[in-house]
Amino acid sequence: MPDFEVKDPKLAPKGALQIEWALMHMPVLSQIKRRFEKEKPLRGTKLGACLHVTKETAVLMDTFIAAGANIALCGSNPLSTQDEVAAALADKGVNVYAWRGQTNEEYYLCVNKVVGHSPDITLDDGADLVSTVHSKKIRAIAKIKGGTEETTTGVLRLRQMEKSGALKYPIIAVNDAYTKYMFDNRYGTGQSTLDGILRATNILLAGKTFVVCGYGWCGRGLANRARGMGANVIVTEINPTRALEAVMDGFRVMPIAQAAETGDVFVTLTGDTSIIRKEHMQKMKNGAILANSGHFNVEIKIPDLEPLAVSKRTIRPNLDEYTLKDGRKLYLLGEGRLINLAAAEGHPSEVMDMSFANQALCVEYLAKNPRLEPRVHNVPKEIDESVASLKLKAIGAEIDTLTSEQKKYLSSWEEGTI
Ligand SMILES: NC(=O)c1ccc[n+]([C@@H]2O[C@H](COP(=O)([O-])OP(=O)(O)OC[C@H]3O[C@@H](n4cnc5c(N)ncnc54)[C@H](O)[C@@H]3O)[C@@H](O)[C@H]2O)c1
């Protein structure tokens, strides 16, 4: 019998239908699952996972169950769990500790429950599980062969742990696979962030001034999609190369202090802290909407917003109105947590298919290679390329192969201008 704490176990049939829908759009993971069913590469392996508990994560968990693994799972954000999916996972035998709307204390209690299962391999989205294991549960470390990390912010934290000598077991940076960040961060975050904003507000984007803070993989995706919806997009950056790229991509680039005066909608996706602060909020137009799609809820400085307001009320789910002393109203979406998961369903299944195919294959790789050095490793190139090939095949796209003449040409230097 699995141990679990979910909102309502009776939601399981509803969750099962959601998972079925996701599975239909995840052909790469389905193929891996079929192989895992035969080969059982994770027989007897305990997995500890701290991931957003969505229908796509459930398909990944199913893949691990097929591989013979025993799983403990908690959410990787207090507001991202889909309760019906958590119930369905408990029904499938996963030890799941997750519900939507957790307090910070409850969130870490659940992370600790996963650590209590003594995993052999950890899976993280944001590195909260790894940091908990390292800071409090030192005894659990000895047993851990390795882990994986799903997102940019988690990889950043882990690289800092490696640099300071704190990292005690190897982690594969799944985020840094081409078949992850180029698709998940760009197309996934781009689309699902808009989805979250629209579900929370139902505003018209056409004609709005839409400020994107951070022109990284996520920011590029969002800025382009917002433009596609008719918004007038402004980008803010601190990196000159990325700022230049945004300019050449046709966006206006300016400091946040200037953008604050003109924006109708602001979205942060930097992985950094305190991007929108008091001095910016003080300049914003009446009715300005603030959302974050970066990993942690520190990008919009909520402790600055609270004291500026004389009153606060919830207008509709994920839409809080703050009335300032001068009567202006600012609207904060999803409590400043990643809006695509707080107000929508996270990335579409089609992109999670690739991200989670990398997760599945990297976990198999860790199980087969238990003696990697305790540092942050890249996803092996063969895994990254096999995910791309499987995805192309699944969508029915074919590519060329090098002829022997081309192979010879590309590996020589003698032939030049003719
Ligand atoms: N919402 C989601 O589902 C989702 C999905 C993937 C990644 N993420 C998260 O989104 C964040 C961004 O990820 P990414 O892959 O785009 O990272 P990235 O490193 O490619 O891009 C971040 C960009 O923000 C810029 N930046 C940093 N500080 C800034 C500041 N003060 N003002 C303006 N720009 C600033 C950086 O220069 C960089 O160009 C991370 O926290 C990541 O974990 C969220």
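These are my notebook entries on the ligand, the salt bridges and a surface patch in this structure, which is a predicted model.

**Entry 1: the ligand**

I began with the ligand and asked which residues come nearest to it. Of the 26 residues around the ligand, I noted T151, T152, T153, E237 and N340 as the ones that come nearest. I then looked up individual contacts, and for T152 I found that a side-chain N or O atom is 2.7 Å from an oxygen atom of the ligand. For E237 I wrote down 2.5 Å between an N or O atom of the side chain and an oxygen atom of the ligand. At C218 the contact comes from the backbone, where an N or O atom lies 2.9 Å from a ligand oxygen. I also looked up how much of the ligand is covered, and the protein covers 88% of the 870 Å² of accessible area that the ligand has on its own. The elements that give two or more residues to the surrounding shell are α8 (152-163), α9 (178-201) and α10 (217-228). When I sorted the shell by class, I had 7 nonpolar, 16 polar and 3 charged residues.

**Entry 2: a salt bridge between two helices**

I turned next to charged pairs, keeping in mind that side chains of opposite charge can pair when their charged atoms come close. How many salt bridges does a search of the whole structure find? The search finds 25 of them, and I picked out the one between R35 and E364, whose closest N and O atoms are 2.8 Å apart. R35 lies in helix α2 (residues 27-39) and E364 in helix α16 (residues 349-368), so this pair ties together parts that are 329 residues apart in sequence. I wanted to know whether each partner is buried or exposed, and since buried means under 20% relative accessible area, E364 counts as buried at 7%. R35, with a relative accessible area of 27%, is partly exposed.

**Entry 3: salt bridges within one helix**

I then looked up D195 and R199, whose side chains meet in a salt bridge with 2.9 Å from N to O. Because D195 and R199 are 4 residues apart in helix α9, they are separated by about one helical turn. D195 is partly exposed at 26% relative accessible area, and R199 is also partly exposed, at 42%. I noted as well that this pair belongs to a network of salt bridges that links K55, E56, D195, R199 and E345.

In helix α17 (residues 381-394) I found K381 and E385, which are 4 residues apart and therefore separated by about one helical turn. Their salt bridge has its closest N and O atoms 3.5 Å apart. K381 has a relative accessible area of 58% and is exposed, while E385, at 45%, is partly exposed.

**Entry 4: a nonpolar patch on the surface**

Last, I asked which residues form a nonpolar patch on the surface. The patch is made of L244, V247, M248 and V253, with about 380 Å² of accessible area together. Helix α11 (residues 240-248) gives the most to this patch, with 3 residues, whereas V253 is found in strand β9 (residues 252-253). I checked the accessibility of V253 separately, and at 31% relative accessibility V253 counts as partly exposed. Patch residues must have over 30% relative accessible area, so the 31% of V253 meets that cut-off.

How values were computed
Residues are numbered from 1 along each chain as its sequence is written. This is a predicted model: local features need pLDDT of at least 70, side-chain atom pairs count only at pLDDT 80 or more; totals for chains, interfaces and linings use all residues. Side-chain values use heavy atoms; hydrogens and water are left out. Patches are made of residues with over 30% relative accessible area and no salt bridge: like charges are joined within 9 Å, nonpolar side chains (Val, Leu, Ile, Met, Phe, Trp, Tyr) within 5 Å. Accessible areas come from the Shrake-Rupley method with a 1.4 Å probe; for residues, only the protein chains shown count as cover. A salt bridge is a side-chain nitrogen of Lys or Arg within 4 Å of a carboxyl oxygen of Asp or Glu. Buried means under 20% relative accessible area, exposed over 50%, partly exposed in between (1.4 Å probe, protein chains only). A residue is near a molecule or strand if one of its heavy atoms lies within 4 Å of it. A polar contact is a pair of N or O atoms within 3.5 Å; within protein, one must be able to donate a hydrogen and the other to accept it, and residues adjacent in sequence count only if both atoms are side-chain atoms. Ala, Val, Leu, Ile, Met, Phe, Trp, Tyr, Cys and Pro count as nonpolar, Asp, Glu, Lys and Arg as charged, and the others, Gly among them, as polar.
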